[in-house]
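Open the model in your viewer and keep the sequence panel beside it. Each stop below gives a selection to make and then says what is there.

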Amino acid sequence: MNAPTADSLSVDLLERMLAANPRDGGAWSTLGVLLRRTGQLHAAAACHRRGLEFAPEHPGVWSNLGNVLTELGCYQEACEAHKQAFRIAPHQTSTLFNYSISLRKSGRFAEAVKMLDAALAIDPNSPDIRWERALSLLQDGDYPAGFAAYEARLGIASYRNRIPPGAQWDGSPLNGRNLLISTEQGFGDTLLMARYLPLLQAAGGRIIFECHKELQRVLAGLPGVDTVIAPGEPLPAYDVHASIMSLPRLLGTTLDTVPPPVPLTIQPADRAKATQLLGPGTPGVFRIGIVWSGRVTFAENKRRATNLDRFLGFIGVPGVQLYSLQKGPPEEQLASLGTDKLIQALGPHLNDFAETAAVVEQLDLIIMTDSSVAHLAGSLGRPVWNLVQYVPYWIYGFQGPHTPWYPSMRLFRQGMDEDWDPVFANVRTALAEAAARAS
C-alpha cells in the first residue's frame, strides 16, 4: 500500500477520503503529515497512530510517527517508532535518515553515525545525509571527521549564504596571495570562529574578512586582518576564499587543540556609556545580565530559549540586581511585568555588539539561554552561565559543566525530558552561593 503524497493533498480532501474509507492507514498518516506542518503535533501523532491500526507494517507510517514524536521531544518513543520502520525497510534511505535524527537528538550519536553510514552506502552523494552525519560526529567530539563532513552544508537546500566564486583555499601557504574569509550563519558563529583569524597570519597572505556590520566594531583590529567588508557588499579582488566556518577543518582543530577566544575591541566611549547605563557599582549588589531567547527566526530557538518569567526567581536571591540584555521580539516580555523596577532593560540602549560588550564587561555575571551574547561574554572571558537544551550546539558537547571553546563559561544542562524547572532550580542554588561570596 502506498500512502498519498502530502504535497498533492489537502486536509479537506484527506478527510473526504477517510470518510469514504476510514481504514486507509496511508491516508491517516498523510493527514498527520499535513497537521504537523501546521504545528498541530499532538493531533498529527494521533493520526499516525490511527494509521498504524490499519497499516501496522507500513514503514512510512512508523517513520512519520517517529518524526513527529521527535519534534514533540519524546525521543525514546521516537526511536522506538523509527526502529520499527527500520525493521521493515532497513535499506530505505529516508528510513535510515529519519532514524538518525531521532538518535542524535536523544544523545545516541554513535548509533546515529552508524545509520547515516548505511544511508551513505545507498546514496553516497546526498549532502543532507553528510550534513546530519557531521552534526552527530561533532556532538560526539570527533572533530577531524566532523569538520570534514561539515563541508556538506554548502550543498544542502537550506544553505542561504553567499558562496564566493573561484578557488577555495586548501590551507596551504598563501605566499602573498589574497584570502577572502566569507561569513555565514549567525552572529554567535562569527564570534566563535573569529579566534581563527589571527592564526591566518602564519599563512603569509593578505586577509579580507566579510563581517556583519553589527560585529565590525567589536572585532576591529584583529591581528592579520587587512580589509573588512560587510555581507552583500561587492567583493574585492582575491585569489582564494574560505568560509569562516571551514577554518577549524583547514587549521586541523581537534577537541584538545581548540584555540582560545580572540580578544575583542571595546572603545572608551562604549565603556563610558556602559558606566552611565549601569551606574556605579554598589557594595553587596551582584549585577547580573540576563538573556532568555536567541534569534526567533532560528529553527531550533524554541528548544534552546525559554521565557522571562523563569528568571524572576533570581530576584529573590539577596543582593541580586538583574539587567536585561535581550534584543528582538522576546524583549516585549518585559512589559508584561507591569513595572520597570524589577529588571533594568538595557536592550533598547545597545546598538551593536561593541556597546553590549562594554556592558557585559562591567557586569558580575551573565545568566542566559544559548545565543550570541553567550559567545560575546565567553570571548570577553567574563563569567557566563549558559543554560542549554538537552542536545545543544555541538561546541558544548553532551556532558559536563564546561566547554573547551570558552573557559569562563559554566553550562547548566537539561535532561532528556527538556524540562527547564530543574535547570533553573540548580542555577538559583548556585546563584545564592555566588552572591553570598560576593557580598
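Start by selecting cysteine 47. Is this residue buried or exposed? Cysteine 47 is buried, with a relative accessible area of 8%, in what is a predicted model. Now show the cysteine sulfurs. A disulfide is a covalent bond between the sulfur atoms of two cysteines. For a pair to count here, the two sulfur atoms must lie within 2.5 Å, and by this rule there are 0 disulfides. Cysteine 47 is in none: the nearest cysteine sulfur belongs to cysteine 74 and is 16 Å away. Cysteine 74 is in no disulfide either, with the sulfur of cysteine 79 as its nearest, 11 Å away. Cysteine 74 is partly exposed, at a relative accessible area of 27%.

**Helix α5**

Select residues 75-88, which form helix α5. This helix has 14 residues and spans 20 Å from its first C-alpha to its last, close to the 20 Å expected at 1.5 Å a residue. Colour Tyr75, Ala78, Cys79, Ala81, His82 and Ala85, the residues of α5 that are buried. Where do they sit around the axis of α5? They cover an arc of only 160°, which puts them on the same side of the helix. Next, show what covers the buried residues of α5; the cover includes α4 (59-72), α6 (93-105) and α14 (301-304).

Stay in α4 and select serine 63, which lies in that helix. Serine 63 has 5% relative accessibility and counts as buried. Leaving aside residues up to four places away in sequence, serine 63 touches His82, Ala85, Ser94 and Asn98. Among these, His82 and Ala85 are also on the list of buried residues in α5.

**Helix α8**

Select residues 127-139 for helix α8. Its 13 residues reach 18 Å from the first C-alpha to the last, close to the 18 Å expected at 1.5 Å a residue. The buried residues of α8 are Ile129, Glu132, Ala134, Leu135, Ser136, Leu137, Leu138 and Gln139. Which helices help to cover the buried residues of α8? The cover includes α6, α7 (109-122) and α9. Then move to glycine 141, which follows α8 and has a positive phi, near 85°.

**The sheet of 4 strands**

Display strands β1 to β4 together. They make an open sheet of 4 strands in the order β3-β2-β1-β4, with parallel pairing. β3 (225-229) and β4 stand at the edges with a single partner strand each, so one side of each has no neighbour in the sheet. Neighbouring strands in this sheet are turned against each other by 25° on average, direction ignored.

Strands of a sheet pair through backbone hydrogen bonds, either parallel or antiparallel. Look first at strand β2 (residues 206-210), which runs parallel to β3 and is joined to it by 4 bridges. On this pair, isoleucine 207 stands opposite valine 225 in β3. Then look at β1 and β4, also parallel and joined by 4 bridges. Here serine 182 stands opposite serine 243 in β4.

Keep β4 (residues 240-243) selected and turn the view to see both faces. In a regular strand the side chains alternate between the two faces of the sheet. In β4, Val240 and Ala242 are on one side and His241 and Ser243 on the other, and all are buried, so both faces of the strand are covered.

**The sheet of 6 strands**

Now display β5 to β10. This open sheet of 6 strands has the order β7-β6-β5-β8-β9-β10, with parallel pairing. Its edge strands are β7 (343-345) and β10 (409-413), and each has a single partner strand, so one side of each is left without a neighbour in the sheet. On average, neighbouring strands are turned by 25° against each other, direction ignored.

Select β9 (residues 384-388), joined to β10 by 5 bridges in a parallel run. Asparagine 386 stands opposite leucine 411 in β10. Add helix α16 (residues 372-380), which packs on the sheet and touches β5 (286-291), β8 (365-369), β9 and β10. The direction of α16 makes about 150° with that of β9.

**Last stop: aspartate 170**

Select aspartate 170, placed in the loop between α9 (143-150) and β1 (178-182). Aspartate 170 is exposed, with a relative accessible area of 58%. Finally, draw a distance from its C-alpha to that of aspartate 419: the two are 44 Å apart in space and 249 residues apart in sequence.

Key
Residues are numbered from 1 along each chain as its sequence is written. This is a predicted model: local features need pLDDT of at least 70, side-chain atom pairs count only at pLDDT 80 or more; totals for chains, interfaces and linings use all residues. Side-chain values use heavy atoms; hydrogens and water are left out. Buried means under 20% relative accessible area, exposed over 50%, partly exposed in between (1.4 Å probe, protein chains only). Helices (H or I, at least four residues) and strands (E, at least two) are DSSP runs, numbered from the N terminus. The expected span of a helix is 1.5 Å times one less than its number of residues. The arc is that of the directions from the helix axis to the C-beta atoms. Contact means heavy atoms within 4.5 Å. Two strands pair if DSSP finds at least two bridges between them. Axes are lines fitted to C-alpha atoms, for helices over the stretch in contact, and angles run from 0 to 180 degrees between N-to-C directions.
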